[in-house]
Amino acid sequence: MKQTIYTLLIASLLSCNNVQSQQQSMYKTTGTIERIDPALDAIIKKEAVIEIIAEGFEWCEGPVWVEKHKMLLFSDVPRDTIFKWTEAKGKEVYLTPSGYTGTETRGGEKGSNGLLLDKNGNLVLCQCGNRQMARMNAPLDKPMPNYSSIAGKYNSKRFSSPNDAAYNSAGELFFTDPPYGLETQSDRDPKKETAFNGVYKVKTNGEVVLLVDSIPRPNGIAFLPGEKQVIIACSDPRKPNWYIYDVNGDALTNGRIFYSTANERKGLKGLPDGLKISSKGIVFASGPGGIWIFNSEAKLLGKIRVDEHTSNVALSADEKTMYITNDMQVLRVKLRD
């Protein structure tokens, strides 16, 4: 009898282990989590893995989690398409064209890049090909490639290619404008109209304000809690830094380096790019070799290391899950419960 009970117990344990293994292997995994500071344990649980939840893209960017519809939206910039991912159906085409609605044939990264929601829940897009910040004129559950321009020019000059954006609580839109959506991706592109690569704010009355013109390749942008400071990524390999500025009305002041990767990027793919900041001030920033995780005082807590270029991140509404756009893949990391 004892032998029978022992055998049944072993079988039961093996069955449980098999169920756990099947659950863990639902998605392929990749990369590693590097724990630099013990504080990371309160952010990412020790048993967390990096799941590949979707793949087969050319260059994915700009993820945003839409809590109402339990879906992740993200751009495949060269394909001029927004995809959506849900737990039930995986990846699906959501919207195309997403960034270029012109009739002239053109190449380059013409699709949408950064995606976000305004205070009314409308989808807002950084449109590289159309060279504007735009709003989709359709419900989120019935997407259509019909757009209204939020901002397309500064001082009568067209933007180069809005890249990433963030709203403050007042409904003002802050965005970056590097040249990556121009066909040559160069400051010497014949269609570039501004003499600099700017960071802008669109006020609620539609007025466009230039905030910064000194960052050579402004990219990701996000506010620290309280919105008194903003972090802006620079994806110039000569200045691979994250900068922090104080927010003073229609000006960003006291600009300084939040963190520099200049001496830490050798042999790693990627540069400072998109970022998100949690309600507790934890900074999740795509950079060389993966996602860099800081506290609000720029202390490096850890890294999510992956082989390919990471471009941006999104957090779920409860901030328990992080999604990462990783070149041709989308990744998921479950954070603390």
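Which residue of β21 is the bridge partner of V247? The legends below, all for a predicted model, start there.

**View 1. The β20–β21 hairpin, with V247 bridged to L252.** Here's the answer: V247 has L252 as its bridge partner in β21. The two strands, β20 at residues 241–248 and β21 at residues 251–260, run antiparallel and pair over 7 bridges. Just 2 residues sit between them in the hairpin. Look for G249 in that turn, where phi is positive at about 60°.

**View 2. The middle of the largest pocket.** This pocket holds about 1,000 Å³ of space. It is lined by 42 residues, and those closest to its centre are L116, L117, A165, A166 and Y167. By residue class, the lining splits into 23 nonpolar, 10 polar and 9 charged.

**View 3. Strands that help line the largest pocket.** Six stretches to pick out here, each giving at least two lining residues: β4 (60–66), β8 (112–117), β14 (165–167), β18 (218–223), β22 (275–277) and β26 (312–315). If you want the top contributor, go to β4, which puts 4 residues into the lining.

**View 4. The stretch at residues 1–23, where pLDDT stays under 50.** For these residues the model has 0 contacts beyond four places in sequence. Predicted coordinates shouldn't be read in detail where pLDDT is low, so don't read much into the path drawn here. For the protein as a whole, mean pLDDT is 93, and 93% of the residues reach 70 or more.

How values were computed
Residues numbered from 1 in each chain as written. Predicted model: local features only at pLDDT ≥ 70, side-chain atom pairs only at ≥ 80, totals over all residues. Heavy atoms only, no water. 1 Å grid on protein atoms, 1.4 Å probe; cavity = no way out; pocket = protein on both sides within 12 Å on 5 of 7 lines; lining within 4 Å. Points joined across faces, edges and corners; volume = space filled by probe spheres on them. Nonpolar A, V, L, I, M, F, W, Y, C, P; charged D, E, K, R; others polar. Pairing = 2+ DSSP bridges. pLDDT = per-residue confidence, 0-100. Contact = heavy atoms within 4.5 Å.
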